[in-house]
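Here are some exercises to work through with the model open beside you. Try each task on your own before reading its solution.

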Amino acid sequence: MTTYVPATAQLVAEIFVRDMARSRAFYADFGFAVTADRGTFVVLTWEDHQLYLDERRDLPPPPNQPQANIRV
């Protein structure tokens with residue numbers, strides 16, 4: 001079976017964040033590299049995998065339990 005996109009592009013993870021600077025620094029500490037910075041939208045990479053951060057300052061406060069489980 002032939003894939004239509006490379007394996008590293010088949011899963012898209014976009015995370016909404018309230019504070020881009022803080023979130024970008026958080027992921028940089030894990031070893032992610034910034035490949036595109038559009039102000040309120042940042043593309044990070046780690047071993048050819050992409051992670052997208054999308055700033056949404058008006059997000060409601062998070063609940064007391066996790067909303068997602070993303071493993072990298």
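A residue counts as exposed when its relative accessible area is over 50%, as buried when that area is under 20%, and as partly exposed in between. By that cut-off Arg-57 is exposed, at 60%. Please keep in mind throughout that this is a predicted model.

**Exercise 1: Confidence and layout**

Task: Find the order of the elements along the protein chain, and say in which of them confidence is lowest and in which it is highest.

Solution:
- Step 1. Begin with the whole chain: the mean pLDDT is 85, and 83% of the residues score at least 70.
- Step 2. List the elements. The protein chain holds one helix and four strands, arranged from the N terminus as β-α-β-β-β.
- Step 3. Compare the elements by confidence. Strand 1 has the lowest mean, 91, while strand 2 (residues 33-37) has the highest, 96.
- Step 4. Add the overall burial and surface. Of the 72 residues, 24% are buried, and the accessible surface amounts to about 5900 Å², with 53% of it belonging to carbon and sulfur atoms.
- Step 5. Check how contacts span the sequence. Taking contacts between residues at least 6 apart, 48% join residues at least 24 apart.

**Exercise 2: The nonpolar core**

Task: Which residues make up the largest nonpolar core, and which elements each supply at least two of them?

Solution:
- Step 1. Collect the members. The largest nonpolar core has 10 residues: Ala-13, Ile-15, Val-17, Met-20, Tyr-27, Phe-32, Val-42, Leu-44, Leu-51 and Leu-53.
- Step 2. Assign them to elements. At least two core residues come from each of strand 1 (14-17), helix 1 (20-29), strand 3 (41-46) and strand 4 (49-55).
- Step 3. Look around one member. Leaving out residues up to four places away in sequence, Val-17 touches Ser-23, Leu-53, Asp-54, Glu-55, Arg-56, Arg-57 and Leu-59.

**Exercise 3: The two sides of the helix**

Task: Which residues of helix 1 are buried, and which exposed ones sit on the face turned away from them?

Solution:
- Step 1. Pick out the buried residues of helix 1: Met-20, Ser-23 and Tyr-27.
- Step 2. View the helix down its axis. The buried residues fall within an arc of 70 degrees, so they line one face of helix 1.
- Step 3. Recall the geometry behind this pattern. An α-helix has 3.6 residues a turn, so residues three or four places apart point the same way.
- Step 4. Turn to the face away from the buried side. The exposed residues there are Ala-21, Arg-22 and Asp-29.
- Step 5. See what covers the buried side. The cover includes strand 1, strand 3 and strand 4.
- Step 6. Take Ser-23 as an example. Ser-23 is buried, with a relative accessible area of 14%, and beyond its neighbours within four places in sequence it is in contact with Val-17 and Leu-53.

**Exercise 4: Salt bridges**

Task: How many salt bridges does the whole structure contain, and how buried or exposed are the partners in each?

Solution:
- Step 1. Count them: a search of the whole structure finds three.
- Step 2. Recall the principle. Side chains of opposite charge can pair when their charged atoms come close.
- Step 3. Examine Arg-24 and Asp-37, whose closest N and O atoms are 2.3 Å apart. Arg-24 belongs to helix 1 and Asp-37 to strand 2, so this salt bridge ties together parts 13 residues apart in sequence. Arg-24 is partly exposed at 30%, and Asp-37 is partly exposed at 43%.
- Step 4. Move to Asp-54 and Arg-56, with closest N and O atoms 2.9 Å apart. Asp-54 is buried at 11%, whereas Arg-56 is partly exposed at 33%.
- Step 5. Finish with Glu-55 and Arg-57, which meet at 3.4 Å, N to O. Glu-55 is buried at 14%, but Arg-57 is exposed at 60%.

**Exercise 5: A tyrosine in strand 4**

Task: Is Tyr-52 buried or exposed, and which residues is it in contact with?

Solution:
- Step 1. Locate Tyr-52 in strand 4.
- Step 2. Apply the cut-off for buried, under 20%. Tyr-52 has 18% relative accessibility, so it counts as buried.
- Step 3. List the contacts of Tyr-52, setting aside neighbours within four places in sequence: Val-12, Ala-13, Glu-14, Ile-15, Phe-41, Val-42 and Val-43.
- Step 4. Take one of these partners, Phe-41. Tyr-52 and Phe-41 lie 11 residues apart in sequence, and their C-alpha atoms are 7.2 Å apart in space.

Key: Residues numbered from 1 in each chain as written. Predicted model: local features only at pLDDT ≥ 70, side-chain atom pairs only at ≥ 80, totals over all residues. Heavy atoms only, no water. Core = buried A, V, L, I, M, F, W, Y, C linked by side-chain atoms within 4.5 Å. Buried < 20%, exposed > 50% of the residue type's maximum accessible area, 1.4 Å probe, protein only. Contact = heavy atoms within 4.5 Å. pLDDT = per-residue confidence, 0-100. Areas by Shrake-Rupley, 256 points an atom, 1.4 Å probe, with all protein chains shown as cover. Salt bridge = Lys/Arg side-chain N within 4 Å of Asp/Glu carboxyl O. Arc of directions from axis to C-beta.
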